[in-house]
Structure formats: C-alpha cells, structure tokens
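Open the model in your viewer and keep the selection panel at hand. Each stop below says what to select and what is there.

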Amino acid sequence: MAYVIAEPCIGTKDNSCVEVCPVDCIHPTREEPGYEEAEQLYIDPDECIDCDACVEACPVDACFAEDQVPDEWHGYIAKNAGWFTKR
Amino acid sequence: MSEVRVAVVGAGPAGFYATERLLKAGLRVELLDRLATPWGLVRAGVAPDHPNIKAVSRVYEKTAALDGFRFHGHVDVGADISHEELLARHHAVIYAYGASRDRRLGIPGEDLPGSHAATDFVAWYNGHPDAADLRFDLSGRRAVVVGNGNVALDADHALEALAASRIEEVLVLGRRGPAQAAYTTPELRELGELTQADVIVDPAEAAIDDESRAWLESDAADGTARRNVEIVGEYATRPSADKPRRIVLRYLASPMRIVGTKRVEAVELVRNRLVHEDGRARTASTGETDKLACDLVLRSIGYAGAPIPGVPFNERRATIANEGGRVAPGVYTAGWIKRGPSGVIGTNKKCANETVAALLADLEAGKLSALSADDLDALLDERCRDRIDYAGWERIDAHERALGEREGRPRVKIVHREDFVARASAT
C-alpha cells in the first residue's frame, strides 16, 4: 500500500507534507524542475512507508491511505504512481 | 571556514534528520547513542509487524554514508562523559535523545507484581537491551491497558500477537472520550484488522458529548481526532466476528487503585465526565465506581524525558528548556526531548530542521565558540571501552539479518551488551 494525494491539492500545493515526509517521497519539491508547472504534488508509491505524517500535516485533507481514498478520487491512485513512471 | 564539528546525542529519527541537515551544510557530525545500535524507536518502539515503517531506516543509512559522519554507540552522555566535556570538544551539541521514562499513574497498588509500564512491555517485545531481563507473566486471561496513545495500542497489539500469551481480553482505558484520544489513525484502524481479536466498543461510551462534537466540527479540531471518532463509532456498531480474543476500548474511566494481595487481581475505576474549559476537555469524577478483575496492568499514559546534568530542563513539561530548539550558546535540542512525546516519525524531520536552521544561523552570526579541547577520541577510548562505531553496527546488522533469515524473520535481535560488543568486532 502507499499513500495518495488527491484533488484538494490542485492549486494548493501547500508543501506541509513535504516538510514532514520522513522519506522525502513527495515530489516535485520546490527545488526540483517542473515544480511550477505541476498542478499538484504526488507521492512515490515505491518510497512511501505508510506513516500517515502527510495526512496529519495536510491543511486541505488531500492525503489518503490508498484504501481510504474516496470513490470519486480513485483515479488519483494511478495518477500519483503515473507521475513517477513517466519521469 | 575551517571544519565545524557538531555532536548529536541520540541516534533516533530526530538525531538522524538533524545529522542529515548538518552534513549537507558541510559540517562534521559525531552521533552518539547510549545504545549499541542506531535508529532509536524505529528499532525499539515500532512493532515488528510494521516492516514498512521500519524501512524508514534506509533513509538514515543514506545519511550515515555521507562524508563527515561518525557514529559512537554505547556512549552515555551524562554518565560516561559530561555535557561540559562534550561541549568543549564541539562547536555545538544537539540533544535528541528522546523521552525514555514512563509516566506513573500515582495510584495505590501500582508496584504490585503484574503491574508494569507499557513502554517496558513494548521494549521487551521489541528486543530493547534495557528490557532484555524483564519477565512478564502472560498466563492470565485479562489485561488492562491504561492510556489512549499509540503505545497503549502497541501494547495491545503485542498482547494479541504473542503466541505465548493466554490473554483473551484486553481492556484499553481512556480517561477522556474518543475525540480526545491521542493515538494516530492508522494504529487505531489496524486494531480493527486483527485476525485474532474482535474490537468491542460500548456505543454509550463512544457517544460524543455536544461540546466535543462542536469542537470536532470547528477549525480548532485536527483531522486525526475526526477520523478517530469516525473509526471508534464504526467499532461500536460492528457485530462480533467471534474471534478468539477481544480488545475492548473503554472511555471516560480512570483507575483509582490496583488491588491484589500478592499480585494484581483487579483495577478499581471511577467513571468520568468531560468538563470543557478554554477549549480544553478536562475530566471530572462522577463518583460512580467499578471494579474490573484482571491479571495484568500496563500503564501507558505517556513518555517523559530525563534531564542531563548541566542542561537546562523544564520539569513540568519533562523536556529540555528551549526556544525553537535553542537551549544555551552552542546547545540545541530536537525531537521528543525538545517538544515532548508527540507526532509521528516525520514530525521529527520538521522539528530537527528548525533546530539546525537555528544552529546554522548562529554559526553564520559568529555565535558558536571555538573548541576548547580536541581529544574526543582519546576521551571516548578512556571512558567507553565498549564503544561501537558504524562499521561495528553494520556487522551487528548483518549478523541479525542472517540469524533472522534462518528463521524466516526479518531479523533476530541481539539484546545483551556483551553480545553487541563481541559481534561488532567479529570479522
């Protein structure tokens, strides 16, 4: 399992999750290329350790454990993973 | 600038995040730990059935591979070497040694056989060297865990997982309601996924009072509390699956005394009600009491930090006295001993980064004094003959994994000091 960032992040990109992620698996960071263009932040499912830190930190409740993603945002599971495979 | 050397005391998550930031800023780090092994509570507090969380250590392994890093295990600052001796040999010291003492209940009967700190129990279950020689009698049928934090749930989890345990029912007592519980959501959710135990909640106890409800719906409430209340509510309506064991979450109850002649026989409880004041929910006794027969009591009402002589300490909060991580000139703190025992692993990254930012700003401003002594190795050689360096830890790690492989487990932990020393120097 991994955690997933869903729709509320779009246009928000608050970055509180990046500050607390213990394994730095949330991208793109402000220092990385493509940050400005990215509409939201994404969790790398291969790196995520399911610690829940991002859920607690997110001010807009955009982060979910994969099995807790609301139905209407189910597509974000593939969207998060996809962002890392196409890089 | 010539070489700047920082001592970080405590090799848990906070110590490692501080170390990473310091090394990446070009400073040298001497990371000291009282134990032989790094990773702190990731090794000793995260339950073995959370291998994914334990995997956070791979990030710390990357830090340990950076230039300028040295690890010294089996060095107890405050006992083997003093704060003053350490500070004289570094431009700065960061204390990140966590909170290892358990808070006591302060009720009669607390020291009866069968009454223990849950932290000791979890440490023992996790192979912590301090707990290696403890013995827990798990032959009874019912255990009471006092407290509503993650350690309480971990203890619970461990009681259910232990094959040697004959415990059939574990009662977890919270003095306040589900909205005020301190556990984090994944741990609470996991209880409901255990194959060997049903989770039972009395709907009357899970009911949320109007003021707590209003708080949950306000911006002041955090998402964790909201999600916890939702999950507890679901447990309250869940039908029993007739699993062999039961975990009962009880709320609004405080233990008044532990009774027994030779060992724990029962816990006397008083029922509480919530009193809301200035946005905080306190408890008040209703006077209504209850007696629960049990064989084991594990107290888990929090961790507390211990002071190191010469380092300013806030007794009330049980933390090192600090402002944003600054303690005194050249002295800093991070992690639980800085802010108290709260948050998840990742909380320590943000916490340690704040501390290192303060340190680097002070360095930039010329506020860190030069070394007044430069013989750390000689001092450690003299005082800490059992000292273990990072290569020694890597040998221990490889050995533990090899032992585990034979048994089909991730690792079998070494727990005795002399075994660590022997294994660290083995070839």
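Two strands pair if DSSP finds at least two bridges between them. Keep that rule in mind for the second stop. The model is predicted.

**Stop 1: chain B as a whole**

Select chain B, which has 16 helices and 19 strands. Its radius of gyration is 23 Å, close to the 22 Å that the globule rule gives for 427 residues, so chain B is as compact as a globular protein of that length. Turn the C-alpha trace of chain B along its principal axes: the spans are about 65 × 55 × 40 Å. Buried residues account for 46% of the 427 residues in this chain. Of the contacts in chain B with a separation of 6 or more, 74% join residues 24 or more positions apart.

**Stop 2: a pair of strands**

Select residues 197–201 of chain B, which form strand β9. Is this strand mostly covered or mostly uncovered? It is mostly covered, since four of its five residues are buried. Now add residues 245–250 of chain B, strand β10; five bridges join β9(B) to β10(B), and the two run parallel. To see one bridge, select Asp198(B), whose partner in β10(B) is Arg246(B).

**Stop 3: two domains**

Colour chain B by its domain assignment: domain 1 covers 5–100 + 305–387, and domain 2 covers 102–302. The centres of these two domains, taken over C-alpha atoms, are separated by 32 Å. Where the domains meet, eight residues of domain 1 of chain B are in contact with 11 residues of domain 2 of chain B. The domain 1 side of this meeting place has six nonpolar, one polar and one charged residues.

**Stop 4: the largest nonpolar core**

In soluble globular proteins, nonpolar side chains tend to be buried together. The largest nonpolar core here has 142 residues, and Cys54(A), Ile94(B), Ala96(B) and Val145(B) touch the most other members. Next select residues 150–161 of chain B: this is helix α7, which gives the most to the core, with six residues. Domain 1 and domain 2 of chain B both give residues to this core, so it lies between them.

Centre the view on Val145(B). Leaving aside neighbours within four places in sequence, its contacts include Ala118(B), Ala152(B), Val170(B) and Leu298(B).

**Stop 5: where the chains touch**

Show both chains; the contact takes 17 residues from chain B and 14 residues from chain A. Which element gives the largest share of the chain B side? Helix α13(B) does, with three residues. By class, the chain B side has eight nonpolar, seven polar and two charged residues.

**Stop 6: single residues**

Select Pro28(A), in the loop between β2 (26–27) and β3 (42–43) of chain A. The peptide bond leading to Pro28(A) from His27(A) is cis, with omega near -5 degrees.

Move to Asp61(A), in the loop between α2 (53–57) and β4 (63–65) of chain A. Asp61(A) is not a glycine, yet it has a positive phi of about 50 degrees. Asp61(A) counts as partly exposed because it has 13 C-beta neighbours inside 10 Å.

Ala318(B), in the loop between β16 (313–314) and β17 (319–320) of chain B, has a positive phi near 55 degrees. Is Ala318(B) buried or exposed? With 20 C-beta neighbours inside 10 Å, Ala318(B) counts as buried.

How values were computed
Residues numbered from 1 in each chain as written. Chains lettered and ligands numbered in written order. Predicted model: local features only at pLDDT ≥ 70, side-chain atom pairs only at ≥ 80, totals over all residues. Core = buried A, V, L, I, M, F, W, Y, C linked by C-beta atoms within 7 Å. Buried ≥ 20, exposed ≤ 12 C-beta atoms within 10 Å, placed from the backbone. Domains from an automatic or database assignment. Contact = placed C-beta atoms within 7 Å. Nonpolar A, V, L, I, M, F, W, Y, C, P; charged D, E, K, R; others polar. Rg over C-alpha atoms; globule rule 2.2 N^0.38 Å.
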